[in-house]
Amino acid sequence: MAAVKPLLALNWKLQKGPRETFEWSRKLLEQLPEELSADLAVIVPAVSLQSAQNALSSSLVAWGAQDVSAHSKGAFTGETAAAWLAELRCKYAVIGHSERREYHGETDAIANQKVKAVQAAHITPILCVGEKLETREAGTQVEYTLRQLEVALDGVEITDEGSLVIAYEPIWAIGTGKTATPDDAEQMGNAMRGFLTKKYGADSSAKVRLLYGGSVKPDNIKALCSRQNVDGALVGGAALEIDSVLAMLNALN
Ligand code: PGA
């Protein structure tokens with residue numbers, strides 16, 4: 001973990017609708033310590049954003065979207081504009097999650113447009129990258145992931161801590177119970193930091209939080225996030241129960 005405060009982002013995927021989002025968030029606030037060891041954010045379905053805002057405004061917990069449109073307006077049925085996420089006071093928007101890539105054909109070029117769209121709305125993109133099992137087995141995961149960053153960050157600027165978060169999520173570790181080792185996470189964290197330093201300079205590179213995601217849970221979060229270039233976690237399965245979230249926060253303390 002670098003000098004910046006870690007970020008624990010809870011990716012709820014298609015799991016909690018508006019009512020449950022509100023009730024869960026209120027219950028969480030009752031049990032949350034007054035000071036948090038990490039920045040905490042719930043990443044909720046678009047229809048649950050208003051509930052997250054209702055439950056969490058004036059608390060320490062932020063909220064964010066799981067996706068965003070690359071476009072600001074127009075004939076794009078089903079899409080949500082970054083400016084509207086800003087109206088709902090989203091702090092974060094996840095971009096290029098592997099499930100969006102697999103089921104919705106998202107590419108690094110589309111992720112690039114989305115990163116720019118949310119930055120323009122003063123929302124922090126959480127850009128997801130990471131390799132499939134074949135790539136890991138071929139030993140080319142670092143080249144593959146850095147190539148994803150090269151395309152997704154083309155023309156993207158870093159001005160402050162809110163400009164960008166990157167989540168390295170090896171696809172073989174998502175929802176499978178197979179976690180990358182802390183060494184695997186650090187190998188990629190270190191490579192990504194090097195990439196950012198080369199592209200933006202050391203000062204700007206240090207402003208970007210690098211998360212690890214893929215079967216993170218209370219048992220393994222501490223070991224993963226204690227590495228130099230792992231500044232927090234993007235968590236799916238273990239983010240659904242309050243006890244497990246509190247245990248992860250406790251482990252980051
Ligand atoms: P998981 O999901 O923690 O259930 O592996 C992580 C993610 O998809 O962001």
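Start by selecting helices α1 and α2: α1 passes α2 in a right-handed crossing. Keep in mind as you look around that this is a predicted model.

**Stop 1: α1 against α2**

Colour residues 18-31 for α1 and residues 49-56 for α2. Their axes lie 8 Å apart, and the packing angle is about 25 degrees. Angles under 35 degrees count as roughly parallel, so α1 is roughly parallel to α2.

Now show side chains where the two helices touch. On α1, pick Pro18, Thr21, Phe22, Ser25, Arg26 and Leu29. On α2, the partners are Ser51, Ala52, Asn54, Ala55 and Leu56. If you colour this contact by residue class, you should find 6 nonpolar, 4 polar and 1 charged.

**Stop 2: Ser37**

Next, move to the loop between α1 and β2 (39-44), where you will find Ser37. Which backbone oxygen lies 2.8 Å from a polar atom of the Ser37 side chain? Draw a distance to Leu249, since the backbone oxygen of that residue is the one to look for.

With Ser37 still selected, bring up its surroundings. Setting aside neighbours within four places in sequence, Ser37 is in contact with Lys5, Pro6, Leu249, Leu252 and Asn253. Leave Pro6 displayed, as it is also among the contacts of Gly232, the next stop.

**Stop 3: Gly232**

Select strand β8, residues 232-235, and zoom in on Gly232. Is Gly232 buried or exposed? Its relative accessibility is 0%, and buried means under 20%, so Gly232 counts as buried.

What surrounds this glycine? Beyond the neighbours within four places in sequence, Gly232 is in contact with Pro6, Leu7, Leu210, Leu211, Tyr212 and Cys225. For a longer distance to draw, try the C-alpha atoms of Gly232 and Met192: they are 14 Å apart, with the two positions 40 residues apart along the chain.

**Stop 4: α5 against α7**

Finish with another helix pair, selecting residues 108-120 for α5 and residues 141-152 for α7. The axes of α5 and α7 come within 7 Å and cross at roughly 50 degrees, so these two helices are oblique to each other. Rotate the view to look along the line from one helix to the other, and you will see a right-handed crossing.

To display the contact itself, choose Asp108, Ala109, Ala111, Asn112 and Val115 on α5. Add Gln148, Val151 and Ala152 on α7. By class, this contact of α5 with α7 has 5 nonpolar, 2 polar and 1 charged residues.

Definitions and conventions:
Residues numbered from 1 in each chain as written. Predicted model: local features only at pLDDT ≥ 70, side-chain atom pairs only at ≥ 80, totals over all residues. Heavy atoms only, no water. Helix = DSSP H or I, 4+ residues; strand = E, 2+ residues; numbered from the N terminus. Buried < 20%, exposed > 50% of the residue type's maximum accessible area, 1.4 Å probe, protein only. Contact = heavy atoms within 4.5 Å. Axes fitted to C-alpha atoms, helices over the stretch in contact; angles between N-to-C directions. Parallel < 35°, antiparallel > 145°, perpendicular 65-115°, else oblique. Left-handed = near helix turned anticlockwise from the far one by under 90°. Nonpolar A, V, L, I, M, F, W, Y, C, P; charged D, E, K, R; others polar. Polar contact = N/O pair within 3.5 Å; in protein donor to acceptor, adjacent residues only side chain to side chain.
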